[in-house]
Amino acid sequence: MNPIRLGYLYGLGAYLLWGFFPLYLKLLRPAGPMEILAHRIVWSVAFVALLLAAMRNVGFLRALLRRPRTLAGIAAAAALIAVNWGTYIYGVNSDRVVETALGYFINPLVSVLLGVFVLRERLRPAQWAALGVGALAVAVLTVDYGRLPYLALTLAFSFACYGFVKKRLGLPAAEGLFVESAVLALPALAYLGWLSLRGDSAFGHVSTGHTVLLVLAGAATAIPLLLFAGAANRLPLSGLGMLQYLAPVLQLGCGVLIFHEPMPPARLAGFALVWLALIVFTADALRQAHQSRTRPRTPADSQPPVPTPTAP
């Protein structure tokens, strides 16, 4: 199969799984958000360890132990993804799927902010316009909710920072997920043991199906990430960037059409402003990519571009 076509299939698979992930998380109740997060971490380690063993790729651990700065970066990435996962699980299971979808719509704009404040990048006028419209959207949604949409902002900032750290580390998907999950595994196991001692654990006490679903949280975490890695290795950034909006669109659809969460006119106006900002942002990125392909190459073109985080 053509590599580009295969890349789009991998990307569609990843974003479809992420888009419908709220349906899976709802099935894990009555387990609480922290218990679900702990199981997701523990079973991710187990699933990816089996995968790496099957691939006979365990030697990378010895090399990592000789790179303390990389290990520190992995610990930072692990903390960020734990915040992201925990916030997302809490949002879904507290019937705020629409707000979690908003977080992943905002995420590309937060990545631009990281470029400005961390990498000292200079923005083009269209990017400034997109950020301005995005800020206006947050203001409108703050008025609608009666508070800052803190779940959405936490998801957007934690994932953008996670993507930034991951790009700096440059680890392959499976190896990166294994080490990040392994960093979090001991606290997760300790928490699950504490829950069990208190008699508050849902694992094994609801139904066989519920227990199996908690165990499968590891595979549900790893498989879309591996599909995304396959897509990222085959697709141009413009193609991958267009696909990233599929997941929050599907999550929003789950929230409104399946879980019947409210979407009053003011909230719809806020989302419309976010979508306008993303249209401006994406159109500018596509135009810039087209100009980069068509203009004559210069010595500066041989330098690799500074990578920016992608949406989940």
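Is Lys26 buried or exposed? Keep that one in your heads for a minute. First, a caution: what we're looking at is a predicted model.

Okay, back to the lysine. Lys26 comes out at 12% relative accessibility, and that counts as buried, since the cut-off for buried is under 20%. So what does the charged end meet in there? Its side chain forms a salt bridge with the side chain of Asp95, at 2.6 Å from N to O. Lys26 belongs to helix H2, residues 21-27, while Asp95 is in the loop between H5 and H6, so this pair ties together parts that are 69 residues apart in sequence. Asp95 itself is partly exposed, at 45% relative accessibility. And there's a third partner to mention: Arg29 joins Lys26 and Asp95 in a network of salt bridges.

How many salt bridges are there in the whole structure? The search turns up nine. I'll show you two others.

Take Arg147 and Glu99. Their closest N and O atoms are 3.1 Å apart, and they form a salt bridge. Arg147 is in the loop between H7 and helix H8 (150-169), and Glu99 is in helix H6, so here the parts being tied together are 48 residues apart in sequence. Look at the burial of each partner, too. Glu99 is buried, down at 1% relative accessibility, whereas Arg147 is partly exposed at 26%.

Now Asp284 and Arg287. Their side chains meet in a salt bridge at 2.8 Å, N to O. Both sit in helix H14, residues 265-294, and because they are three residues apart there, about one helical turn separates them. If you want the reason that spacing works, an α-helix has 3.6 residues a turn, so residues three or four places apart point the same way. Asp284 is buried at 4% relative accessibility, and Arg287 is partly exposed at 41%.

Let's move to helix H7, which covers residues 125-145. This helix has 21 residues and reaches 30 Å from its first C-alpha to its last, close to the 30 Å expected at 1.5 Å a residue. Which residues of H7 are buried? The list runs Gln127, Ala130, Leu131, Val133, Gly134, Ala137, Val138, Leu141 and Tyr145. If you look down the axis of H7, those buried residues fall within an arc of 165°, so they line one face of the helix. Turn to the other side of H7 and you find Pro125, Trp128 and Val143 exposed. Then, just after H7, Gly146 takes a positive phi of about 80°.

Next, a couple of serines. Ser181 is in helix H9, residues 173-198, and at 1% relative accessibility this serine is buried. What is Ser181 in contact with, once we leave aside neighbours within four places in sequence? The answer is Ile41, Ser44, Val45 and Trp85.

The other serine is Ser111, in helix H6, residues 97-117. Ser111 is buried as well, with a relative accessible area of 8%. Here's a pair to find on the screen: Ser111 and Thr282 are 171 residues apart along the chain, and their C-alpha atoms are separated by 13 Å.

Compare that with a valine on helix H5, which spans residues 68-93: Val83. Val83 is partly exposed, at 41% relative accessibility. Not counting residues up to four places away in sequence, Val83 touches Thr154 and Ser158. From Val83 to Leu114 you travel 31 residues in sequence, and the C-alpha to C-alpha distance is 18 Å.

Last stop, the surface. Which residues make the nonpolar surface patch of about 480 Å²? They are Met1, Leu9, Leu12, Leu16 and Phe20. Pick out Leu16 if you want a handle on the patch: this leucine is in helix H1, residues 3-19, and is partly exposed, with a relative accessible area of 37%.

So, to go back to where I started: Lys26 is buried, and its side chain meets Asp95 in a salt bridge. That's what I had, so over to you.

Terms used. Residues numbered from 1 in each chain as written. Predicted model: local features only at pLDDT ≥ 70, side-chain atom pairs only at ≥ 80, totals over all residues. Heavy atoms only, no water. Patch = residues over 30% accessible without salt bridge, like charges linked within 9 Å, V, L, I, M, F, W, Y side chains within 5 Å. Areas by Shrake-Rupley, 256 points an atom, 1.4 Å probe, with all protein chains shown as cover. Salt bridge = Lys/Arg side-chain N within 4 Å of Asp/Glu carboxyl O. Helix = DSSP H or I, 4+ residues; strand = E, 2+ residues; numbered from the N terminus. Buried < 20%, exposed > 50% of the residue type's maximum accessible area, 1.4 Å probe, protein only. Expected span 1.5 Å × (residues − 1). Arc of directions from axis to C-beta. Contact = heavy atoms within 4.5 Å.
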